[in-house]
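User: Hello! I am new to this structure and would like to walk through it step by step. Could you help me read it?

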Amino acid sequence: MSGQIDVGWSAPPFGLQQLDEGKIRIVASGNDATAFKGQTVRLLITNVQTLQTKKPSIDRFMKAYRETIDWMYADPSAIKMYAEFVGIPEAIAKRTRDGFFPKDAINPDRVVGLDTIVNDAVAFKYTAAPLSKAQLDELIQIPPRI
C-alpha cells in the first residue's frame with residue numbers, strides 16, 4: 001500500500017484479505033449502490049436469428065442455467081468446488097457468494113426497472129425514442145421454466 005488515498009473497484013474474492021486486515025474499506029458495493037438499486041444491470045442475450053433457429057437449445061440452456069444457480073445456493077459442495085477452482089479457502093468462497101452475489105441479483109427470470117432503463121437509453125442516446133410495449137415484449141423474451 002502506498003499510504004495514499006485512492007478509490008477503485010474490484011470483484012470479490014479479490015481484496016477480501018486486505019479488507020479483513022483493515023488496509024482497505026468498502027465504501028459501497030453493487031448491492032447497495034443507489035445507481036443499481038431497482039435496475040437490472042446484467043442479463044443473458046442472443047440475436048434474433050439464434051432465437052428463431054435454436055429456440056429448443058436456448059430453452060435447454062436456460063433450464064440448466066437456472067438449475068445451476070439453484071444448486072450454487074443450496075448445495076454446500078458448490079462452495080467447495082468454487083473454492084478449489086479459484087484457489088481460496090471455503091469461508092472466503094462462501095463470503096464472496098453470500099455477501100456480494102445474492103441469488104436474487106443473478107436471477108435470469110427478472111428484468112427490474114425497465115422504465116428507468118428505457119429512459120436512460122434515450123438520455124444516453126442508445127435509442128432515439130422510448131420503445132413501445134410491443135417492442136419491449138419482442139426485445140425481452142424470458143423462456144418459461146420447464
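User: What percentage of the 146 residues in the chain do buried residues make up?

Analyst: Happy to help, and please keep in mind that this is a predicted model. A residue counts as buried when its relative accessible area is under 20%. Among the 146 residues of the chain, the buried share is 17%.

User: How many helices and how many strands are there in the chain?

Analyst: Reading along the sequence, you meet the pattern α-α-α-α-α-α-α. Every entry in that pattern is an α. The tally is zero strands and seven helices.

User: What radius of gyration does the chain have, next to that of a compact globule of 146 residues?

Analyst: A good yardstick is a compact globule of 146 residues, which would come out near 15 Å. For the extents, the C-alpha atoms fill a box of roughly 55 × 40 × 20 Å along the principal axes. The radius of gyration of the chain itself is 19 Å.

User: What share of the contacts with a separation of 6 or more comes from residues 24 or more positions apart?

Analyst: Here we take the contacts in the chain with a separation of 6 or more and ask which of them join residues 24 or more positions apart. One pair of residues distant in sequence is phenylalanine 101 and proline 12, 89 residues apart along the chain but 9.2 Å apart in space, C-alpha to C-alpha. The share asked for is 63%.

User: Which residue lies 8.7 Å from arginine 60, C-alpha to C-alpha?

Analyst: Let us place arginine 60 to begin with: it sits in helix 3. Its relative accessible area is 53%, so arginine 60 is exposed, the cut-off being over 50%. The partner is 86 residues away in sequence, and it is isoleucine 146.

User: Why does the pair of phenylalanine 61 and tyrosine 65 count as tilted?

Analyst: By the ring rule there is one aromatic pair. The ring centres of phenylalanine 61 and tyrosine 65 are 5.7 Å apart, and their planes meet at 40°. Planes under 30 degrees apart would be stacked and those over 60 edge-to-face, so what remains is called tilted. The angle that makes this pair tilted is therefore 40°.

User: Where do phenylalanine 61 and tyrosine 65 both lie?

Analyst: These two residues are four positions apart, about one turn of a helix. Phenylalanine 61 is partly exposed at 45% relative accessible area, and tyrosine 65 is partly exposed at 29%. Both lie in helix 3, residues 55-74.

User: Is phenylalanine 101 buried, partly exposed or exposed?

Analyst: Phenylalanine 101 belongs to the loop between helix 5 (90-100) and helix 6 (114-123). Its relative accessible area is 31%. Buried would need under 20% and exposed over 50%, so the class in between applies. Phenylalanine 101 is partly exposed.

User: What kind of peptide bond joins proline 12 and proline 13?

Analyst: Proline 13 is in the segment before helix 1 (16-20). The omega angle of the bond joining proline 12 to proline 13 is about 20°. That peptide bond is cis.

User: What value is phi of lysine 125 near?

Analyst: Lysine 125 is in the loop between helix 6 and helix 7 (133-139). With 71% relative accessibility, lysine 125 is exposed. Its phi is positive, in a residue other than glycine, and the value is near 65°.

Key:
Residues numbered from 1 in each chain as written. Predicted model: local features only at pLDDT ≥ 70, side-chain atom pairs only at ≥ 80, totals over all residues. Heavy atoms only, no water. Phe/Tyr/Trp six-rings, centres within 6.5 Å; stacked < 30°, edge-to-face > 60°. Buried < 20%, exposed > 50% of the residue type's maximum accessible area, 1.4 Å probe, protein only. Rg over C-alpha atoms; globule rule 2.2 N^0.38 Å. Contact = heavy atoms within 4.5 Å.
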